[in-house]
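Please open the structure in your viewer and keep the selection panel at hand, since this tour moves from one selection to the next. At each stop there is something to pick and a short account of what is there.

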Amino acid sequence: MVDSHFSLTPALGSSLYQPTAGALAVGVPVVSFDENNAKVLEIFGQHRELVSLPVVEQGRPIGLISRHIFMSQMSKPYHRELYERKSCIAFMDKDPLIADADTPIETLGALAVASGDKTLADGFLIVQDGKLSGLGSGLELMRMLVAQQEEKNRQVMQSIDYASVIQRAMLSASRSAMSQALDDACLVWEPRDVVGGDFYHFEHHADGWFAAVADCTGHGVPGAFLTLIASSSLKQALELYGPRDPARVMHEVNRGMKRVLGQQAGSDKPSESDDGMDACFFWFETASRRLVCANAKMPLFVLSGDGATVEAIEGQRTGLGYVDTPDGMQWENRSIEVEPGALIFVSTDGVTDQIGGAKNIAFGKQRLRKLLQEHSDAPMPELGRQVMAAHRQYQGAQRRRDDVTFFGCRPGAAPFNNHRQQEQRT
């Protein structure tokens, strides 16, 4: 019994995005279980593209004959004479992979791998209501799996790209407020991936301004999710307690993050995560030039106007939100008077922890200090460019390890363009 329909091109059609095994079913010749091997030879001779031949009983598949194995056996001395008139089941694989036409392609792929190399080489049988629907090709299955994965990756990347738009839009209000409050400042936010785990926040008030730089656990999509939680907690804390007590704000952000992430101490069931963030929150009072900051594992540098001295405000070595960070953790405010022309700079550890250089070691705080001192007389945007240029050069061929974010300013300074215009007039 031979099915006259024969085609080696599976009809993918609209099933590309939600494919099932039926999309791979190719109509091929079949042989009845009661036919002999001479019939098998005849079919293989007529259809040289045919890799395998299904064996059926009343339309139901019971096995699969591999062309390679069959021809190898029949080409041996005297085998054709011995086996030509015998039943075709003599060289039949009695346990081929048989899949229902409704089987999802991903499930079919797992079944094909589990069944071994023979399925990928010889193909598999596809049935509808128990009847043979067609022969599936291992190669076409792999191609469809790859196409499906590419489509998933494309959709994921589209989502991540749009998430980047949202993340940047959320940060844009802070950047706008910074430009209104500060004449000489730089702000760099450069995720390692499309989205990042660093974020910043800036608010301009009548008597001063508040800024925050934070580095959440991880980078990429997981880090970006955490920035949403942390940023929301920060905004709520600022609405409740205002910007002038950074330590109190930090305390509330810690509680808010632990509550959302279920990382409170004494909880009935252990937390499934141990995530948090390092941060520096600081308030600058314009009239008194007083800087108040609270630090959680993130230092803040203050350079004198001539760049001769650098003071590092280190703060506490306890991050926000982590399981082992107490719910009632109290950070301390550090206060310093910022002289005119002095420079404030804070960065996430994506700057200092980057591996590179001749010895493949971390960039480090000392190298950053020296770099700030070398360019302390430059306008802040130029200083920011110099920091990034030195950082990229140091990184060299090494892979970027983390997101990079830093903020620098000269509080109360006049725009550098104005300085230069005055110098030119003089």
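Begin by selecting phenylalanine 301, which stands opposite alanine 312 in β13. The model in front of you is a predicted one. Extend the selection to strand β12, residues 300-303, and to strand β13, residues 310-313, and you have two strands that pair in the antiparallel sense over 4 bridges. Between β12 and β13, which form a hairpin, lie 6 residues, and in this turn glycine 307 has a positive phi of about 75 degrees.

**A second hairpin and its sheet**

Next, select strand β5, residues 124-128, together with β6; these two pair in the antiparallel sense over 5 bridges. To follow the register, pick phenylalanine 124, whose bridge partner in β6 is glycine 136, and then leucine 125, which stands opposite leucine 135 in β6. Which residue takes a positive phi in the hairpin of β5 and β6? Select aspartate 129, where phi is positive and near 55 degrees, in a hairpin that has 2 residues between the strands.

Now widen the view to the open sheet to which these strands belong, which has 3 strands in the order β4-β5-β6 and mixed pairing. Its edge strands are β4, residues 98-100, and β6, residues 131-136, each of which pairs on one side only. If direction is ignored, neighbouring strands of this sheet are turned by 35 degrees against each other on average.

**Along helix α6**

Select glycine 138, which is found in helix α6 and is buried, with a relative accessible area of 4%. For a distance across the model, draw a line from the C-alpha of glycine 138 to that of glycine 321: the two residues are 183 apart in sequence and 50 Å apart in space.

Valine 165 is also found in helix α6, and selecting this residue leads to a nonpolar surface patch. To display the patch in full, pick Tyr162, Val165, Ile166, Met170, Val221, Phe225 and Leu228, which together make an area of about 660 Å². Which helices each supply at least two residues of the patch? They are α6, residues 138-181, and α7, residues 220-241, and the largest share, 4 residues, comes from α6.

**Charged pairs**

Stay with helix α6 and select lysine 152, which forms a salt bridge with glutamate 106, the closest N and O atoms being 2.1 Å apart. This pair links distant parts of the chain, with glutamate 106 in helix α4, residues 105-115, and lysine 152 in helix α6, 46 residues apart. Glutamate 106 counts as partly exposed at 41% relative accessibility, and lysine 152 is likewise partly exposed, with a relative accessible area of 33%.

Move on to glutamate 84 and arginine 80, whose side chains meet in a salt bridge at 3.0 Å, N to O. Are these two partners buried or exposed, wholly or in part? Glutamate 84 is buried, with a relative accessible area of 19%, a value that falls under the 20% cut-off for that class, whereas arginine 80 is partly exposed at 45%.

The next pair to select is aspartate 193 and arginine 192, whose side chains meet in a salt bridge at 3.3 Å, N to O. Aspartate 193 is partly exposed, with a relative accessible area of 31%, and arginine 192 is partly exposed as well, with 22%. From here, select Glu190, Arg392 and Arg400, which are joined into one network by salt bridges that share partners. The count for the structure comes to 16 salt bridges.

**Two cysteines**

For the last stop, select cysteine 280 and cysteine 293. How many disulfides does the structure hold? The number is 0. Cysteine 280 is in no disulfide, and the nearest cysteine sulfur, that of cysteine 293, is 5.0 Å away; cysteine 293 is in no disulfide either, its nearest cysteine sulfur being that of cysteine 280 at 5.0 Å. Because a disulfide requires a pair of cysteine sulfur atoms within 2.5 Å, the 5.0 Å between these two sulfurs does not qualify. Cysteine 280 is buried, with a relative accessible area of 0%, and cysteine 293 is buried, also with a relative accessible area of 0%.

Conventions
Residues numbered from 1 in each chain as written. Predicted model: local features only at pLDDT ≥ 70, side-chain atom pairs only at ≥ 80, totals over all residues. Heavy atoms only, no water. Pairing = 2+ DSSP bridges. Axes fitted to C-alpha atoms, helices over the stretch in contact; angles between N-to-C directions. Buried < 20%, exposed > 50% of the residue type's maximum accessible area, 1.4 Å probe, protein only. Patch = residues over 30% accessible without salt bridge, like charges linked within 9 Å, V, L, I, M, F, W, Y side chains within 5 Å. Areas by Shrake-Rupley, 256 points an atom, 1.4 Å probe, with all protein chains shown as cover. Salt bridge = Lys/Arg side-chain N within 4 Å of Asp/Glu carboxyl O.
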